[in-house]
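Please open the model in the viewer and keep the sequence at hand. The tour proceeds by selection, with a remark at each stop.

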Amino acid sequence: MSSAYHQINELKEKLEYHNYRYYVLDDPEVPDSVYDRLMRSLMNLEEAHPEHLLENSPSQKVGGYAVRSFAEVVHRQPMRSLSNGFSKQELDSFDRRIREGVGQEEREIQYVAEPKLDGLAVSLRYENGWLVQAATRGDGKSGENITQNMRQVLGDATQLAGEAVPEVIEVRGEVFMSKRDFATLNDFQRSKERKPFANPRNAAAGSLRQLDPAVTKSRPLSIYCYAIGEVVGVSLPSTHWQSLQWLRSLGLPVTELLAQVNGVDGCLEYYNEILQQRDDLPFDIDGVVYKVSRLDWQDDLGFTAKAPRWALAHKFPAQEEVTIVENVEIQVGRTGAVTPVARLKPVFVGGVTVSNATLHNQQEMDRLDIHIGDYVVVRRAGDVIPEVVSVVMSQRSEEVRKFIFPHKCPVCFSPIVSEEGGIIARCSGGLFCSAQKKESIKHFASRKAMDIEGLGNKLVDQLVEDELIDDVADLYGLTVQTIKSLERMGEKSANNLSQALNASKKTTLARFLYGLGIPLVGETTAETLSLYLGDLETIMNVEEDHLISIPDIGPIVSRSVVAFFKQTHNKAVVEKLVAAGVFWPLVEKKIDNKQSVFSSKTVVLTGSLSMPRTEAKTLLKSLGAKVTGSVSSKTDYLIAGEDAGSKMEKAEKLGVEILDEGEFIRLSSLDVLSFADVSKE
């Protein structure tokens, strides 16, 4: 047999194995991106060698299997999957085929665009308004009868509402689990010493395919409906958009993120908009779907064996990929936290090339059973630090070796001690440890702390290694002559850094507190301490009971703050900083916001305001508001300046209350002058 034949058979075996793990076991071993590449390789080979293309190939099947614990349901109309696209070129080709297929070569096609949820496809059959049958997609021709379980998910939607209820309607939808509910479920699984679910999709599938409907009822599942199959007794609307509005009128859940778009440009604009929202959405999506809106054109275009010709799933960049662990090293952070880090064979994931991933702690390494040399699934979502999700056990070789967690700090050789039941490992060397010393100084100089321009990582390393500084306060004792003596530092650079150090002395109390690197005190907590306590002396001498009474300051943070300022060395450094001339304007304590309109409200700012955006945020936070960057159903107010754009449109669509700048100032009960005085401090 030919080489192509053997390659095709090898790819078939791999795909069938992964199909079984995904659809039957609800326990995938590799991310979708790896599966997609295997499938595309198979399809390319079959296209080049059509003599080896068989009807039972994974490229010709939807992919799922019916599990025999449930009765089989034969779909009256096949439930097909979608063709995937990964680039603008593939979208252009799809659009060209559509225009040619309906004889509209010179006209823009109207599409309905929607998020591609990462869930479990189901079919819902209603007769005279009542759910009589629900089934999984299975292999597209037949699936599993999950009627009793879907009644638990649908709730009131088990019976259709409205006046235009048909005799029979079959609805297609996607069952999913929100990110928050997934995290809660996995916490519960771990508390019962059960295996956690790999991702929300598998949690949803595992919950829906329970033999006991009571278990399904206990799991937080949701559904969005996206298509109509068989209909008896009424005529369908003329467009896909209208059919979805009809489903909504019947009381069925349909996503609010639908949009009508025109041509390739409209599709790409929607794609980019949803991609920007991806990490903030409450559920997982892996792309968007475009569907020709006119139903008569859908009929004209028809189907392939596997997918409709009138729809395309435009996939997002993968957030998970498979690569190799080349080594494991220990990283010591600025607070002494000791973290194992996987050094990876570089892989492109989440829009960037990743070569390192956190392994969190010894317990997580034990749970993953990770070895040096393993193939692993790496995940990166948004700005989240890349992490190892799982080990691809089927690819483990005999050459792998286990990493032994050290008992001593690799930098200063002080003992490593455990905190919080062994979850956190920390170097006991404190400021004696050069790793902590360097990182604490780098943090102090960072943009969100003291913002010392020109004091980069390499320069900090040199200053510490040459013993020119021992702590952050020593920075302000550096002379131009001393700085000039450093490697690669000319007179101009030395003068610039000296000026930057002097300029950084004028700061805010919140920035100063953040710059000190108090464990667990980030930007928001530092700002809260500043607003509620008002001055440094109060903060340095505050008791835990007082701190706990402040909103968003819990007992763990309280203990950390009090412990930090009880350390003689830390107090000495703070006093040296103040003596060196570091200062900030007097802070006006947080006003009593019990009567504030914005207390405990979520607020979004958009457009051009007459005041700087940072000042508006400071005022809102002082009034007890939470300021976020994107509009969602949880947003209480949108404050809109001039040239407000898509955020305002979304707020109007979601019914969010919109305030102009004048209303904002009036409701805050502060005029612009007093606002400016407070926000500058």
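Begin by selecting β2 and strand β11 (residues 311–315): the two run parallel and are joined by two bridges. Within this pair, display Asn84, which stands opposite Ala313 in β11. Please bear in mind throughout that this is a predicted model.

Next, extend the selection to the whole sheet. Five strands form this open sheet, and their order is β2-β11-β10-β3-β9, with mixed pairing. The edges are held by β2 (84–85) and β9 (259–262); each has a single partner strand, so one side of each is left without a neighbour in the sheet.

Now add the helices that accompany the sheet. Select residues 88–101, helix α3, which lies across β2, β3 (110–117), β10 (285–292) and β11. Relative to β11, helix α3 runs at about 170°. Then select residues 263–277: this is helix α9, which packs on the sheet and touches β3, β9, β10 and β11. The direction of α9 makes about 140° with that of β9.

For the last stop, select helix α12 (residues 434–445) together with helix α13 (residues 457–465). How are these two helices arranged, and at what angle do they pack? Their axes are 10 Å apart, and the packing angle is about 135°; α12 and α13 are therefore oblique to each other. The crossing of α12 past α13 is right-handed.

Finally, show the side chains at this contact. From α12, display Lys437, Lys438, Ile441 and Lys442; from α13, display Asn457, Val460, Asp461, Val464 and Glu465. Of the residues in the contact of α12 with α13, five are charged, three nonpolar and one polar.

Terms used. Residues are numbered from 1 along each chain as its sequence is written. This is a predicted model: local features need pLDDT of at least 70, side-chain atom pairs count only at pLDDT 80 or more; totals for chains, interfaces and linings use all residues. Side-chain values use heavy atoms; hydrogens and water are left out. Two strands pair if DSSP finds at least two bridges between them. Helices (H or I, at least four residues) and strands (E, at least two) are DSSP runs, numbered from the N terminus. Contact means heavy atoms within 4.5 Å. Axes are lines fitted to C-alpha atoms, for helices over the stretch in contact, and angles run from 0 to 180 degrees between N-to-C directions. Angles under 35 degrees count as roughly parallel, over 145 as roughly antiparallel, 65 to 115 as roughly perpendicular and the rest as oblique. A crossing is left-handed if the near helix is turned anticlockwise from the far one by less than a right angle, and right-handed if clockwise. Ala, Val, Leu, Ile, Met, Phe, Trp, Tyr, Cys and Pro count as nonpolar, Asp, Glu, Lys and Arg as charged, and the others, Gly among them, as polar.
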